[in-house]
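Here's a quick walk through one protein model, with a look at the overall numbers, a couple of helix pairs and a few residues worth clicking on. Have the viewer open as you read.

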Amino acid sequence: MSDDLKEDLRLLHDAVQGYESEFLAGDQAAERFTRLVLEHLIEIGRIDDGQAVIWEGPAGRGVGRVTGYGIGEQRDTLDLFIADLGARDELRAIRADDLDRMAGQAGRFAEMALRGNTSTAADDAAAAMISAIHGVRGRLRRVRIFIVTDAVSAARRMPKRTVAELPAEIEVWDLPRLTRSMAVEGEGEPIDIDFENSTFGCQPFLRLDGGAEHSTLLLMIPGQVLADLYEEHGAALLEFNVRSFLSVRGKVNKGIRDTILEEPDRFLAYNNGIVITAESVYEQFIPGLGKVVARLANVQIVNGGQTTATIHDAAQRLEADISHVAVAAKVVIVGSTVRDEMVKRISRFANTQNPMQQADLSANEPFHVAVERLSRSTWCPGGERRWFYERARGQYEVELSRQGSTQAKRAKFMRQSPKELRFSKVDLAKFLNSWGRRPHDVSLGGQKNFTQLMEGLRRRNGLFWEPDQQWYQDLIAVALIWQAAERVVRWEGIPAFRANVTAYLVALLSDRSSSRLDLRRVWNAQSVTPKLEAMLRSWAIPVRDALVQGAASRQRNPTEWFKREECWTEISAMQLSMSAELPEEFSTSNREIELMPDTSMGSVSEDLAAALRVKGVDAVRWTNIAEWGARTGKLHWRQSGIATTLSGMAAQQWRKDPSPKQVEAAVCILNLVEQYAPEIITGGVSA
């Protein structure tokens, strides 16, 4: 076991180091470690958002320290992170009193920040963090402190405490917990529903069927049990749910909310119920009731995420009484060997509250599969190395283990696919949206930026578009430009907002070159020229200053200002120095680079692209779509009516353009057709 932990420790430190050639130490390593954990916890749904920021200093009667923070989507939860990172080759244990000390440091920081004086301009990341925390002081209802460490701890949770008169939970993410959660295709930690030890007790059930691979139960789950479960685990409870929770502004959620508030006793009658998968069920026999469910192990909600999240929202934000709310649940007991496939099918066929799209299973959609295939088959010039796309987290280490059965084979794999050429879905989104002149989207953070990217790609190209090799080579050229921008930001000693400055530098380069910079030259050289690097370096400080000053002049928190499209509009108008002798990358390409076609004009051109996609479908196909939707029930009757209307408009050669609402509805229709009956569009097959 000790040898396994040592290997886990080495892999964790490799991930912290990333592709940096120099050794990271002190605050720099702690910041990178925190960022790594933050991105993972966002990915698995444990937190909503977060940033790695180092702060340490006097706070109250002692020292305060944090290495990162996050504010929940509802702005009622403050997440604080404090990192403890040791040596790469030192496997160690962390004591309970050390954990208590770190939790105390984070708690004192929170109290200081919530009392903080916001009159000081937030001109660096730490000041911006304090300003952001102070700005939500009236809305917070809880604090969560995450202690992240590469040591081994006997504790997973610590006793709750009070911070600034708010309840505070302390979670410990140590080496075993981190590596287990970060494993390839990892599902995070198992979530159990413990009815036996809840206020409501064990629940009666009805067994519907049973077999070798699965069985199905029907039971009722008290609303409070679901709300408590969501409170503790957040979106991780919905990890297999193919749809994100739509805000309560949506019609379905508003109806759920209104029922909770006005007719809670009728919630069970009105609501469609939820679908849960579980790895196993533990039963008991209670006289007078018969068999009851005591506990469901390793559960996921695969249909009913909106119901669950809305019950939680009503209880917490609206302070609704949910003691009489209950939800009907179909529970599918399915073993781990077939669970993934079962979940996908259950999600597809059971989810009817809103149209579900196969594209929501992002890692498995054709675009990402194609990028992965291209990364494995496309060698850099010279044929000795290739970039490695991690379509699912941890793929690189799995492939390294599979290919590297001996030391010689391991060394060969790492020569051919070195770690510095590895990139993830989050990295891909940073590259594309920066080059697509959307650095404000990149500033939203890894997962939100990724979502923005995919929505743009689907809107323009549909669900089944696949890139070709030239597109992939251009992508890698942009990755090299991104790495160069990161280097110059580091060389300039910019202490805060480095990721934002990098994104805006890449966007400015795309803007100044009108997206015609010679990416083939960058691909062939696998680097940028010294002149281009020098030009980026000359821009770095002016861009950083303009970003910070733009926030200060508007009295905005910098990290929030960087996320706004107005920020990019202002930065794109900057006067920047251009040398008389332009870098070679500017001089030879007349080719428009369409990695993210037309996105340089922002949402206006995305709407235009969507309209062109709709108008690219002829009248016969729109008629066939309407008939198919009505016959199969895959389209709502309103959607079938819209398809019929579009058929008439197409028959008149689009003398009248579809309205924005018609385009939006049509894109949803086309995505459903591409999922369930693509031959209607691609082959013109009659419905």
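## Ala479 in helix H17

Let's start inside a helix: Ala479 sits in H17, which covers residues 469-491. Keep in mind that this is a predicted model. With a relative accessible area of 1%, Ala479 is buried, since the cut-off for that label is under 20%.

Who does Ala479 touch, once residues up to four places away in sequence are set aside? The answer is Trp387 and Phe431. If you want a distance to check, take Gln526: it is 47 residues from Ala479 along the chain, and the two C-alpha atoms are separated by 9.9 Å.

## The whole protein

Zooming out, the protein has 687 residues, and 53% of them are buried. Its secondary structure comes to 27 helices and 16 strands.

How much of the contact list is long-range? Counting contacts with a separation of 6 or more, 73% are between residues 24 or more positions apart. As for the outside, the accessible surface is about 30,700 Å², and carbon and sulfur atoms account for 49% of that.

## H14 against H16

Now for some helix packing. Two packed helices are described by the angle between their axes and the distance between the axes. For H14 (residues 425-435) and H16 (residues 446-461), the angle is about 60° and the axes are 9 Å apart. That angle is why the two helices count as oblique to each other, and their crossing is left-handed.

Which residues make the contact between H14 and H16? On the H14 side they are Lys425, Val426, Leu428, Ala429, Lys430, Leu432 and Asn433. H16 brings in Gly446, Gln447, Asn449, Phe450, Gln452 and Leu453. Sorted by type, the contact of H14 with H16 has 6 nonpolar, 5 polar and 2 charged residues.

## H18 against H22

Here's another pair to pull up: H18 (residues 498-512) and H22 (residues 565-572), whose axes come within 11 Å and cross at roughly 55°. H18 is therefore oblique to H22. The crossing of H18 with H22 is right-handed.

From H18, the residues involved are Tyr504, Ala507, Leu508, Asp511 and Arg512. They meet Cys567, Trp568, Ile571 and Ser572 in H22. The split for the contact of H18 with H22 is 6 nonpolar, 1 polar and 2 charged.

## Leu226 in helix H6

Back to single residues. Leu226 belongs to H6, residues 223-233. Is Leu226 buried or exposed? Its relative accessibility is 1%, so Leu226 counts as buried.

Leaving out residues up to four places away in sequence, Leu226 touches Ile221, Ile274, Ile301, Thr308, Ile311 and Val327. Val327 is a good one to select alongside Leu226: the two are 101 residues apart in sequence, with 8.8 Å between their C-alpha atoms.

## Glu31 in helix H2

Last stop is a charged residue. Glu31 is found in H2, which runs over residues 26-43. Its relative accessible area is 14%, which is under the 20% cut-off, so Glu31 is buried.

What does Glu31 touch, not counting residues up to four places away in sequence? Ala52, Ile54 and Arg498. Arg498 should look familiar by number, as H18 covers residues 498-512.

Terms used. Residues are numbered from 1 along each chain as its sequence is written. This is a predicted model: local features need pLDDT of at least 70, side-chain atom pairs count only at pLDDT 80 or more; totals for chains, interfaces and linings use all residues. Side-chain values use heavy atoms; hydrogens and water are left out. Helices (H or I, at least four residues) and strands (E, at least two) are DSSP runs, numbered from the N terminus. Buried means under 20% relative accessible area, exposed over 50%, partly exposed in between (1.4 Å probe, protein chains only). Contact means heavy atoms within 4.5 Å. Accessible areas come from the Shrake-Rupley method with a 1.4 Å probe; for residues, only the protein chains shown count as cover. Axes are lines fitted to C-alpha atoms, for helices over the stretch in contact, and angles run from 0 to 180 degrees between N-to-C directions. Angles under 35 degrees count as roughly parallel, over 145 as roughly antiparallel, 65 to 115 as roughly perpendicular and the rest as oblique. A crossing is left-handed if the near helix is turned anticlockwise from the far one by less than a right angle, and right-handed if clockwise.
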